[in-house]
Amino acid sequence: MNAIFPVEGGCFCGKVRYQIDQIKLSLNCHCTMCRRTSGAPFVSWLLVPNDQFRYLTGKPKHLQSSEHGERWFCDNCGTPISCVVHGDKEDKYIDITLGSLDRPNEFPPKKDYYLDSKLNWL
Ligand SMILES: [Zn+2]
Ligand SMILES: [Zn+2]
């Protein structure tokens, strides 16, 4: 199925809403930081060019999760929304949690990252 743009999403309580015009990639991340900050076995992300993403309502809160990374989440309901990594290449993109999309079925992940820390029962 091809995704129909723009696609919208938001947190569980509805305070934060966003819109995406185009994506670069849909992926699963098995790293330990994604696991711990989500409480889930792994996290599916959309890699979105910065200029193809905007918040519509609300402003998430952020946590400095590593030297170069920030994780943004709703300060009311806690839903993880995005991850921003600062670096030469990464500055052009924002990662958005696939599970917060209104139509997540349209974005099947194409790649798996950090397979060395993937849970062995998955
Ligand atoms: Zn919320
Ligand atoms: Zn990760």
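Strand 4 (residues 43–49) and strand 9 (residues 93–97) lie side by side and run antiparallel, joined by five bridges. Within this pair, Leu46 has Ile96 of strand 9 as its bridge partner. The model shown here is predicted.

Strands of a sheet pair through backbone hydrogen bonds, and the pairing can be parallel or antiparallel.

**The seven-stranded sheet**

Strands 4 and 9 belong to an open sheet of seven strands. Reading across, the order is 6-7-8-9-4-3-10. The pairing in this sheet is mixed. Which strands form the edges? They are strand 6 (61–64) and strand 10 (111–113). Each of these two pairs on one side only. Neighbouring strands of the sheet are turned by 30° against each other on average, with direction ignored.

**The three-stranded sheet**

Another open sheet has three strands, in the order 1-2-5. Here the pairing is antiparallel. Strand 1 (7–10) and strand 5 (53–57) are the edge strands, and each pairs on one side only. From one strand to the next, the twist averages 30°.

How many bridges join strand 2 to strand 5? There are four, and strand 2 covers residues 17–20. These two strands run antiparallel. Across from Gln19 stands Arg54, a residue of strand 5.

**The two strand pairs side by side**

| Strand pair | Sense | Bridges |
|---|---|---|
| Strand 4 (residues 43–49) and strand 9 (residues 93–97) | antiparallel | five bridges |
| Strand 2 (residues 17–20) and strand 5 | antiparallel | four bridges |

Technical notes
Residues are numbered from 1 along each chain as its sequence is written. Chains are lettered from A and ligands numbered from 1 in the order in which they are written. This is a predicted model: local features need pLDDT of at least 70, side-chain atom pairs count only at pLDDT 80 or more; totals for chains, interfaces and linings use all residues. Two strands pair if DSSP finds at least two bridges between them. Axes are lines fitted to C-alpha atoms, for helices over the stretch in contact, and angles run from 0 to 180 degrees between N-to-C directions.
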